[in-house]
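Hello,

Here is the structure I promised to pass on to you. Have a look, and then read on for what I found in it.

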Amino acid sequence: MDARDLDRYQRGGVSEAQRDDLLIVYVDGDACPVKDEVYRVAGRHNLLTRVVCNSWLRLPQSPLIVLEVVAEGLDAADNWIVENIGAGDIAITADIPLAARCLEKGATVMGPTGKPFSEQNIGTALATRDLMADLRDRGEIRGTNPSFTKQDRIRFLDALENAVQSARRAVSSR
């Protein structure tokens, strides 16, 4: 089955049996600054994109873009993504603990700046996150993130394109 076959399924729904060779992009959607870039790359490759968030969002009309609204609650969107993501799928998130959980499921994971998360760097990312949270809690630093730049978008587009091509090669070699 190819992603182009999804038109016959309402809103792009795919059963487990039908998605064996189908790459799905999961977006942690509540605060993702690169949703439009994901839609562009995924659309070029005819990939299903699932945007997971706690509230309704306006999305482009496409059978390949599906909004998954989950219940309010701590980590509800994260839990939904982890329960549904599979080996070879791609997750887009700035949430480092979610990235770690997706890596455990065999997914490719990247942040909105295009920085990939991997088995080699996730431990350091988690430790840095915890250290920075502790320093913010003590008032030793202020918690401001740098602005999201045009260069970040370009880097993300390039990284996602490379991740999709790599995942496609892995699926076709099975």
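A good place to start is G106, which follows helix α3 and has a positive phi, near 90°. This is a predicted model, in which local features need pLDDT of at least 70 and side-chain atom pairs count only at pLDDT 80 or more, while totals for chains, interfaces and linings use all residues. Residues are numbered from 1 along each chain as its sequence is written, and side-chain values use heavy atoms, with hydrogens and water left out. Helices (H or I, at least four residues) and strands (E, at least two) are DSSP runs, numbered from the N terminus.

At the other end of α3, D95 caps the N terminus: one of its side-chain oxygens is 3.1 Å from the backbone nitrogen of L98. The helix covers residues 96-104, and its buried residues (under 20% relative accessible area, 1.4 Å probe, protein chains only) are I96, L98, A99, A100, C102 and L103.

Now to the strands. In β2 (residues 48-53), 6 of 6 residues are buried. In a regular strand, side chains alternate between the two faces of the sheet. Here L48, R50 and V52 lie on one side of β2, with T49, V51 and C53 on the other, and both faces are covered.

Strand β2 has parallel partners (pairing takes at least two DSSP bridges). With β1 (residues 24-28) there are 5 bridges, and V27 is partnered with V51. Between these two strands the chain passes through helix α1 (residues 35-44), in a right-handed β-α-β crossover (clockwise from the first strand over the helix to the second, with the strands pointing away from the viewer). With β3 (residues 65-69), β2 also forms 5 parallel bridges, and C53 is partnered with V69.

Happy exploring!

Technical notes: Buried means under 20% relative accessible area, exposed over 50%, partly exposed in between (1.4 Å probe, protein chains only). A polar contact is a pair of N or O atoms within 3.5 Å; within protein, one must be able to donate a hydrogen and the other to accept it, and residues adjacent in sequence count only if both atoms are side-chain atoms.
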